[in-house]
Amino acid sequence: MTGIAAPVVNTASAAQKTLWGPLALVTSLFFLWGLAYGLLDVLNKHFQEVLGISRTQSTLLQFAYFGAYFVMGLYPAGAVIKKFGYKAGILMGLTFYIVGAVCFYPSSTYVTFPGLVASTFVIACGLSTLEAAANPYIAVLGPASSSTFRLNLSQSFNGIGSVIGPIIGSYAFFGGSDYSNNGKKTTSGDLSSVKYVYLAIAGFVALILILFIITKLPDINEAEKEAMEAGADAAAGDEDDTQIWEHTNLLWGIAAQFSYVGAQVGIAGLFINFVTESIAISSGDAALYLTYSLIIFTAGRFIGSALLTYFDARHMLAVYAVIATGMAAYLVGATGKAGVAIIMSIYFFESIMFPTIFTLSMEDLGKHTRRGASFMISSLVGGAVFPVCIAAVGDATNTTARGMFLPMLGFLVVLVFALYGSRVPERIKARKAGSGKAPVLGQDGDFAVATKA
């Protein structure tokens, strides 16, 4: 399955210097899942117009997408990676991605919405597997001292993919600026563009798969790595006797990440609906507004990363959560250009939330780091729940804006986490202090930076 045999290395000997070839190849994966997510939010409105389905029905796409993260994050992806290695996990994820993209062709040809939802689920199964493999793998493809830099570098390509997705959707699905027909919105009336876009994506991903098959990649021996870490802890007298549920910062973090991802995905999934209901604009132009919003999000991530070098992460998260909560509350009754400006601006304040919640939740987990990371990845299922609920409120009231009170509640949970729930319990701090070891994020640096938008 893994093609040419890859050398097996352990943590101590691996990556004394940055392996730029493998790094570039693995970084391409970040672009792929950014592209998939960028297209997802454009598909909602396109399917509403072509298939005549409701807002709530269209958000089944998000339900399938983030539901796959929950299913794969609980066990399958991690089990494959631990037993067969990171490369095997990557190949498995790419295969799922290709199969799901190809399935868009018959689903679009026969115009079957359940088929389109199922195709989205298969793609997301691949994406969640890729994410489980690529994030820690990037961290070990070079010196530990530069792992954060490598992860941030790879993240930037995720942002590029997320921006390109809506641009493709605007022109391929809506014909770009399609405001015509005496001021009425137009649409192609079929799903031909969808099947060809995803067929092209399948071909591109297949090329990436071939490159991974023929490329020799260092393979990290997880069993040996865990044994080394356990031996090092025992030698240092650092026996971790805590239970995972004692790490209340993790428990609060799961709730905060569930709520944040739900709020963020809910706003993005209904973005085009909100904009077209607020101002006289076509779906194609609204998709471009979504692109601009994602550019704001990407800029906010870079600016936020810089600010975090000067300000406490909990304080910044609290300030951003307060502003996002206020903006979401305004959207509930918003109309016109002001509402559009606010929904676009909220992307800036969302920018640091995911990685900040992730890192604060993982603080001082010790031996529970990998298990805690799995729970955090599974908490992305919030992205499956919130959009459906927001859309249901929108259908019931005939206005998307009314459902925005749910993102407001989501950001409130993030605020509570920042102010209260993110603190490491005193018993955990005392144990760390007694061991003489400085508090760290986990024990291997694999999860130093989270990468989901």
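1. R55, E277 and D395 are joined in a network of salt bridges. The model in which this network appears is a predicted one. A search of the whole structure returns three salt bridges, and the points below take each of them in turn before passing to the cavities and the surface.

2. The side chains of R55 and E277 meet in a salt bridge, with an N to O distance of 2.8 Å. E277 belongs to helix 11 (residues 271-278) and R55 to helix 2 (residues 55-58), so this pair ties together parts that are 222 residues apart in sequence. E277 is partly exposed, its relative accessible area being 36%. R55, by contrast, is buried, with a relative accessible area of 11%.

3. R55 also meets the side chain of D395 in a salt bridge, here with an N to O distance of 3.1 Å. D395 is found in helix 17 (residues 382-397) and R55 in helix 2, so the contact ties together parts that are 340 residues apart in sequence. D395 counts as partly exposed, at 29% relative accessibility. Within the network, then, the buried residue is R55, while E277 and D395 are partly exposed.

4. Where does the salt bridge between K45 and E49 lie in the chain? Both residues belong to helix 1, and because they are four residues apart in that helix, about one helical turn separates them. The closest N and O atoms of the pair are 2.9 Å apart. K45 is buried, since its relative accessible area of 8% falls under the 20% limit for that class. E49 counts as partly exposed, with a relative accessibility of 24%.

5. How many cavities of 30 Å³ or more does the model contain? The count comes to two. The largest cavity holds about 60 Å³ of space, and the second largest has a volume of about 30 Å³.

6. The lining of the largest cavity consists of A36, L40, L43, Y65, F104, T120, I123 and Y198. Two elements, helix 1 (20-51) and helix 6 (113-139), give two or more residues to this lining. Helix 1 gives the most, with three residues. By class, the lining has seven nonpolar residues, one polar residue and no charged residues.

7. Around the second largest cavity the lining residues are Y37, G38, D41, P166, A268, L290, L294 and Y347. At least two of these residues are supplied by each of helix 1 and helix 12 (283-307). Helix 1 again gives the most, with three residues. What classes of residue make up this lining? Six are nonpolar, one is polar and one is charged. A reader comparing the two linings may note that helix 1 is the leading contributor to the largest cavity and to the second largest cavity. The charged class has no member in the lining of the largest cavity and one member in that of the second largest.

8. At the surface, W20, L153, F157, I160, I164 and I168 make a nonpolar patch of about 490 Å². Helix 7 (residues 147-173) provides the largest share of the patch, namely five residues. L153, one of the patch residues, lies in helix 7. L153 is partly exposed, with a relative accessible area of 30%.

9. Is S170, another residue of helix 7, buried or exposed? S170 counts as buried, with a relative accessibility of 0%. The C-alpha atoms of S170 and A287 are separated by 5.3 Å, although the two residues are 117 residues apart along the chain. Helix 7 therefore contains the partly exposed L153 and the buried S170.

How values were computed. Residues numbered from 1 in each chain as written. Predicted model: local features only at pLDDT ≥ 70, side-chain atom pairs only at ≥ 80, totals over all residues. Heavy atoms only, no water. 1 Å grid on protein atoms, 1.4 Å probe; cavity = no way out; pocket = protein on both sides within 12 Å on 5 of 7 lines; lining within 4 Å. Points joined across faces, edges and corners; volume = space filled by probe spheres on them. Nonpolar A, V, L, I, M, F, W, Y, C, P; charged D, E, K, R; others polar. Salt bridge = Lys/Arg side-chain N within 4 Å of Asp/Glu carboxyl O. Buried < 20%, exposed > 50% of the residue type's maximum accessible area, 1.4 Å probe, protein only. Patch = residues over 30% accessible without salt bridge, like charges linked within 9 Å, V, L, I, M, F, W, Y side chains within 5 Å. Areas by Shrake-Rupley, 256 points an atom, 1.4 Å probe, with all protein chains shown as cover.
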